[in-house]
Amino acid sequence: MREWTLQHPHWDIEDAHLVRYVKTSDYPSGARIIEAQVALAERLDHHPVVTFTYRRLRFELWTHDRDGLTQLDFDYAEGLDALIEDDFAEFVR
């Protein structure tokens, strides 16, 4: 797990959950990121806990029925990274 987080520096482990904070340039950009990630979450049938306040998003992942991290969490995290990099890089600080 440590090696994975070194390769994915936007993610941290907090209380055995994967967590990523995203700071946006404005409020609408944050809302668009949340809307865009819905397709990823539905495709994987894996849904993060998302907290959104003004220009800051927090994504938290763990597999509830396993009470820990599984490959689904890492797949979602990598998908979110690609989504942000490909479609929202100009809006993320």
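1. Let me start with Ile33, as it makes a handy way into this predicted model. Beyond the residues up to four places away in sequence, Ile33 touches Val22, Thr24, Leu57, Phe59, Leu83, Ile84, Phe88 and Val92. Keep a few of those names in mind, including Phe59 and Val92, since both come back below.

2. On to the core. The largest nonpolar core has 17 residues, and those touching the most other members are Trp11, Leu18, Ile33, Phe59, Tyr76 and Leu80. At least two residues of this core come from each of strand 2, helix 2 (27-44), strand 4 (56-61) and helix 3 (71-88). Helix 3 gives the largest share, with seven residues.

3. The two helices are worth a look together. The axes of helix 2 and helix 3 come within 10 Å and cross at roughly 145°, and the crossing is right-handed. From helix 2 the contact uses Arg32, Ile33, Ala36, Gln37, Leu40, Ala41 and Leu44. Helix 3 answers with Leu72, Asp75, Tyr76, Gly79, Leu80, Leu83, Ile84 and Phe88. So Ile33, Tyr76 and Leu80 turn up both in this contact and among the core residues that touch the most other members.

4. Now the sheet. There are four strands in an open sheet, ordered 1-2-4-3 and paired antiparallel. Strand 1 and strand 3 (49-53) sit at the edges with a single partner strand each, so one side of each has no neighbour in the sheet. From one strand to the next, the twist averages 25°.

5. At one edge, strand 1 (residues 11-14) and strand 2 (residues 17-23) run antiparallel and are joined by four bridges. Asp12 is opposite Val19 of strand 2. The pair makes a hairpin with two residues between the strands, and Asp15 in the turn has a positive phi of about 50°. That turn is a spot I would point out to anyone scrolling through the backbone angles.

6. At the other edge, strand 3 and strand 4 are also antiparallel, with five bridges between them. Val50 has Phe59 in strand 4 as its bridge partner. Helix 3 packs on the sheet, where it touches strand 1, strand 2 and strand 4, and its direction makes about 10° with that of strand 2. Phe59 therefore has a part in two stories: the bridge to Val50 and, as one of the residues touching the most other members, the core.

7. Thr63 is a nice detail in the loop between strand 4 and helix 3. Is Thr63 buried or exposed? Its relative accessibility is 7%, so Thr63 counts as buried. The side chains of Thr63 and Thr70 are joined by a polar contact of 2.6 Å. Leaving aside neighbours within four places in sequence, Thr63 is in contact with His46, Gly68, Thr70 and Asp73.

8. Last, Val92, in the segment after helix 3. Val92 has 22% relative accessibility and counts as partly exposed, because buried means under 20%. Which residues does Val92 touch, not counting those up to four places away in sequence? They are Val22, Lys23, Thr24, Ile33 and Ile84. With Lys23 the C-alpha separation is 5.7 Å, although the two are 69 residues apart along the chain. The contact with Ile33 brings us back to where this note began.

Terms used
Residues numbered from 1 in each chain as written. Predicted model: local features only at pLDDT ≥ 70, side-chain atom pairs only at ≥ 80, totals over all residues. Heavy atoms only, no water. Pairing = 2+ DSSP bridges. Core = buried A, V, L, I, M, F, W, Y, C linked by side-chain atoms within 4.5 Å. Buried < 20%, exposed > 50% of the residue type's maximum accessible area, 1.4 Å probe, protein only. Contact = heavy atoms within 4.5 Å. Polar contact = N/O pair within 3.5 Å; in protein donor to acceptor, adjacent residues only side chain to side chain. Axes fitted to C-alpha atoms, helices over the stretch in contact; angles between N-to-C directions. Left-handed = near helix turned anticlockwise from the far one by under 90°.
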